[in-house]
Structures are given as C-alpha cells and as structure tokens.
Amino acid sequence: MKYNHIQRFLSAALLLAFTAPSSLTASAYDTVSSAPYTSSMVLSGDVKLTPKNDKITLSLRDSDVKQVLRMFADKAGLNVVFHSSVDGKVTLDLVDMPINDAFNLVLQVAGLNYYTQNNTMVVIAKDNADNASFSKQEMMVFPVKYVSASKIADFLNKNVFGMKKAGLSSVDAATVNTATNEIIIFGMESDAAIVQKVIEQLDREPLTKTFAVNHTTPAEMANMICEMLLPSRGSSGSDSSSGGFMPPTPGMGTTGGAAGIMTGGAASSSSGGGSSDTLKLGEGIVACTVAPSSSSTAAAPFEVQNLSISYFPQRGTITLMGGSEAQMNMIENFIKSNDIKQPQAYLEVSIVELTEDGSKEFSNQWSIDSKNWFVSFDGSNTTGGREAGPGAGKFVPIKVLENGQLQDSYMSAKDWYGSNAYITWTMNYLIENHKGRVLANPKLLITNGQESVLDLTQDYVEKVTSEFLSSTGAGVGATGTAQKTYSIGSDLGIKVTLIPFISPDGYVTLNVKPEYSTVASQVTTPSETGQGTDIEATLLSRRNLDLKNVRIKDGETLVIGGLIQEEETKTVSKIPVLGDLPIIGAAFRSSRSEKSKNELIIMLTPKIINDGEGSVADSL
C-alpha cells in the first residue's frame, strides 16, 4: 500500500515537470562550434517523440524506466507497449532540454530502442533479436551515381545501423541492387534521413586531374610517384585487403623497379605490352592504385575513392583519379619539382690507331766458281754442281752490243772465268719501315645519366664448316652436294660505352668503357668434303678498359692512351761451323728481324649545352 502512494507521488512530480514553464536561458545544446574538418554529420536517429519539442527540466533518482517512458508517451499523446526485454532504472538531472532530446537520452542510457506503428510506440531492448520484426516496416530505394552502392551499404550496416542508435533500425537494413547500383533499405521511415545524408556525403564524383610532362617520360614520372612519393607519405602495402600501395599487375607496361634517372626523351610507343606494330591510339596504363589503410577496427573502412595513377605514353600525360584534393596538390608539386630538363652535352670523340712495323735484314752470300764446278750459299740455301759437258754448265748473264743497242746474253762460266777458280762474297743490308694511322672522329649528343654507345665494329667470319648434304659414300672418296656453314661474329673493331653525369658547375663525369679487338689468327682444319680447309676458330686480340668517374671540365680534352700492342720476331741463318766462329762467324751468318707496334688513343672533349631555363641547374 505504501509503495502505491510513492508511485503516485512520482507520477505527479513528472507531470508537474512536463508542464513547468521553460527557462529563457540558452541551453548549451544550442551552441554551434566551428570544427577544423570540412564537413560533418551527426550519426543518430531522427527521434521525434512530439513535433512541438518543448523544453523540460527534470530530476529523477533511480526511477523505473518504464514509468519514465510512460510519462514521455503521455506527453506525446501516444500509446506505449513495452517488450519483455525492457527493464532497469534511470537517474536524470535535466535542465531546459528539448523533450525529444531527453527522450533520446533515456533510450540510450537504458539500452532501448523504439518503433512507432500508427499511434502506438513499441519499446524494446536494442540488442534483442525481435528488433528485426519491428524495424523492417518499409522498403526504400536510393540511387548511387559515382561510387559503389555495395560499399555504401556496407558502411551503413556497420557504422550506422550497427551502432544501434535510438530512432534507427538496429539490424543490417541496407542491401544493394548491383544491376542498377542502388541501395535498398528495409527499415523505418526515420532511416531515410540518415541514409540520404550518408549518400550525399560519400557519393561524390571522383577528383580527376591530368598533368603533362615535358622533360621526362610519363612512365618514369608515374613510377616515381608510385615508388618514391606515395610510400614516403605512408601509403604502403601490397594488396587492397590491407590497404595501401597496390603495384600494377604484370603485363601493364610499367617499369619493374624504381624510376631511376629521367631521360628527357619520348616514351616508347610499344609501352604496355603487345606487339610493337599494333596501332595504339591514346593507350592508358595504370601505374599503381593507393587504397586507404584498413588496419583500424573502430569503424568499417570506406574504400571507394582510391587514388589511381595512370599514364598515357602517346600523349605524354599523367592522369590522377580519386583521392583527395591534398593528394592532388602534393603530386602536382612533385611533378613540378622533378619534371625538369636534364643536362646534355656535345661530346666529340677522336679515336686514333697508330701502327708501325719494320724489318732489318743482314745477309751474306758466298759463291765459288771454277772451270768444271760451282758452290753457292746465301744464308738459307747451299747449292753446288759441275759442268755436264761442252756448252753446258752455269751461265753468267752479260750485256752485248748488237746493232748499236745493249742486249741481254749469257755465256758459260768456263768462258767467263777461264781455267781459274773464283770466290765471290756479297753482303746485303736492308731496312724497311711502314707507318700508318686509322682515325675515327664521331660526334655524340649525350644526356645526363643515360648510357651512350659508339659502335664501330664490323662483322667477320668466325667459323666455317663444310659438309655433304647427300653423298654416295663415306670417307675420302665420298661425293655429293657440299654445303658450307658460316658463323658470323660482330665484335671486331672499336666499341665505346659511356654514361655521363653532367653537373651544374661545368664538369662532366664519365664512366667510359672502350673495347678494341683485332684478328690475331685463324685456326684451320681440313674440310670434311676433302676440298680445301675450313676455319675452325678465329682468335681475336682485345684491348679493353673500364674507367669509372673520370671528371672532365667543360671544353677540355681527356686523352686515353697506353693501349699498346707490340710484337717482335728475329730469324738467324748460318753456315754450320763457320757461322759459329767468333768474330769472323758474322760473315757466314744471315739475320732478319721484324717488329710491329699498334697503339690506340681515344680523345674525349665534352661541351655542355646550355639551352635556356628549366634545367637542373636553374632549379638548384
């Protein structure tokens, strides 16, 4: 009995509180604060217990939540039904608060939700499974223009309906029609307002911006953005499931590693895979895609505005799609800072080969002639003999006068020398010298950091193989159709590979690798067809250098010399015994010495080209 009196007293106090005049003092809830973010949206249900929304002042201690909600229903003129899951007590101290806000706070504190059907309010615990039967009152369709409807639906279910706010459906109310990219809501009419606000906030046309690159290739610039700029700003990872930087799929035509040095040239028209003779107009290639990180579990990620970096080799442009305005500005500044002219230099190359060969020959020739025999020695050969009879024997050339002119004639040694023997000693000393010079003087335009190759090589026969295509037998006597197979080499001659690094202070640093090869000899073998010989191998003589970081001042000449090849041979012939005697043995010896010398000289003269503004030097 005593309990009923207390209950009546609390009800009267609640009625007096609802009918009390509202204070004219502005409430703290009316204060609007300026936030640093660009846009905001309150994720709460549209709780409208009464359209008047009068302000109330209320103070309660450990009051039964059902009695408190019954008072709210009486104020709104609604019937009220409590689910079996509704239980608990609340304590309130509210001053000049709108009645709808007060009703919302009571529901949140007590862990309850409400649904209206005609003029009746149903109150149920928000975690109860029966929420689904009350919330799915209507089917509402919302079109989505620019982003994925399934992404927004997932966002709504996890971040809006999943938070189980009062006045909203407490179950996953959003699904999609993938054919039309529409969101379908199975819920209450009060869900429509928050769904519409979310779509307006997220369904925005992706930002798109195109940049032209003038001094680098689009592929190199796009890969520098993907591999240098974006990872340094925290965009990392390898797949979309973990968020972050997603490299291009194989076959998309991007470079496999870092962007490297900018060339200042045009991109290849065959970028992006496919045959080089295929006609391609305005072909675009995706370099990378950057997705937001989804490592946080506080809220479901919304991955519909991923930043995509693509480039068009034929147009010379880079296109950004998605992302934020700040990312666009960051990438634009990066392109402006790095799309600059690369230094170039005019390189004059002089290649000189000096050749010198010569020989020295000293020979002694002895001959003994008599009436009936003769002997001669010329350092290499010894000959001798005797006369076979009258009119035969050795004949000596002479000049005779016939018809007033000298004519060649011969006479017998017997007639020339008479009956006595004669000894003749003849010495020959001969010196021969040959000098030559081979010169190549090409001129190159070199670009900073790019490899240049000066190739003055020629093809040569490296190997020759003979064989029978068809034969009547085998071995030496075989016959048939013969065929020769030639193996051709292509590295005979001069080849210079260089990489320049042109500094703004007027110096050119070169990595130079000159290679020079000549034919040293050929190895031959008898042909299998029995006709002539085949070349088994061609041996080359090589002179190579590999110079690193050679620094040359603008306009000065670097001389690379010392590539010398020298060969010397000496041959001695002598009369046995006599040629070995001291001092006088020199008269019975003949000698010949040969010497050859080749020297390769390379001269490099760089001249830096200054073609106006916009170069690396101007940007420093």
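Asn 549 is exposed, with 56% relative accessible area, and this residue of strand β25 (residues 547-553) has a positive phi, near 55°. Welcome to a short tour of a predicted model. Besides Asn 549, the stops are strand β1 (residues 55-64), helix α3 (residues 99-110) and two helix pairs, α2 with α3 and α5 with α6.

**Backbone angles worth a look**

- Asn 549 is not a glycine, yet its phi is positive.
- Asp 62 shows a positive phi as well, near 50°, and is likewise a residue other than glycine.
- Asp 62 belongs to strand β1, and its relative accessibility of 56% is over the 50% cut-off, so Asp 62 counts as exposed.
- Gly 111, which comes after α3, has a positive phi near 70°.

**Strand β1: two buried residues**

- Ile 56 lies in β1 and has a relative accessible area of 3%; buried means under 20%, so Ile 56 is buried.
- Between Ile 56 and Pro 98 there are 6.2 Å in space, C-alpha to C-alpha, although the two are 42 residues apart in sequence.
- Ser 63 also sits in β1, and with 7% relative accessibility it counts as buried.
- If neighbours within four places in sequence are set aside, the contacts of Ser 63 are Val 68, Gly 88, Lys 89 and Val 90.

**Helix α3 by itself**

- A quick check on length works out nicely: twelve residues at 1.5 Å a residue should span 16 Å, and because the end C-alpha atoms of α3 are 17 Å apart, the two values agree.
- The 16 Å comes from multiplying 1.5 Å by one less than the number of residues.
- Buried residues of α3 are Ile 99, Asn 100, Ala 102, Phe 103, Asn 104, Val 106 and Leu 107.

**Helix α2 against helix α3**

- Two packed helices are described by the angle between their axes and the distance between those axes.
- For helix α2 (residues 65-76) and α3, the angle is about 155° and the axes are 11 Å apart.
- An angle over 145 degrees counts as roughly antiparallel, so α2 is roughly antiparallel to α3.
- The two helices, α2 and α3, make a left-handed crossing.
- On the α2 side, the contact is made by Val 65, Val 68, Leu 69, Phe 72 and Lys 75.
- On the α3 side, the contact uses Ile 99, Ala 102, Phe 103, Val 106, Leu 107 and Ala 110.
- Sorted by class, the residues of this α2 and α3 contact are ten nonpolar, no polar and one charged.
- Val 68 of α2 turns up in two places here: it takes part in the contact with α3, and it is among the contacts of Ser 63.

**Helix α5 against helix α6**

- Helix α5 (residues 149-159) and helix α6 (residues 191-202) have axes that come within 11 Å and cross at roughly 130°.
- That angle makes α5 oblique to α6.
- The crossing of α5 with α6 is right-handed.
- From α5, the residues Ile 152, Phe 155 and Leu 156 meet Val 195, Val 198, Ile 199 and Leu 202 of α6.
- By class, the α5 and α6 contact holds seven nonpolar residues, with no polar and no charged ones.

Definitions and conventions:
Residues are numbered from 1 along each chain as its sequence is written. This is a predicted model: local features need pLDDT of at least 70, side-chain atom pairs count only at pLDDT 80 or more; totals for chains, interfaces and linings use all residues. Side-chain values use heavy atoms; hydrogens and water are left out. Axes are lines fitted to C-alpha atoms, for helices over the stretch in contact, and angles run from 0 to 180 degrees between N-to-C directions. Helices (H or I, at least four residues) and strands (E, at least two) are DSSP runs, numbered from the N terminus. Angles under 35 degrees count as roughly parallel, over 145 as roughly antiparallel, 65 to 115 as roughly perpendicular and the rest as oblique. A crossing is left-handed if the near helix is turned anticlockwise from the far one by less than a right angle, and right-handed if clockwise. Contact means heavy atoms within 4.5 Å. Ala, Val, Leu, Ile, Met, Phe, Trp, Tyr, Cys and Pro count as nonpolar, Asp, Glu, Lys and Arg as charged, and the others, Gly among them, as polar. Buried means under 20% relative accessible area, exposed over 50%, partly exposed in between (1.4 Å probe, protein chains only).
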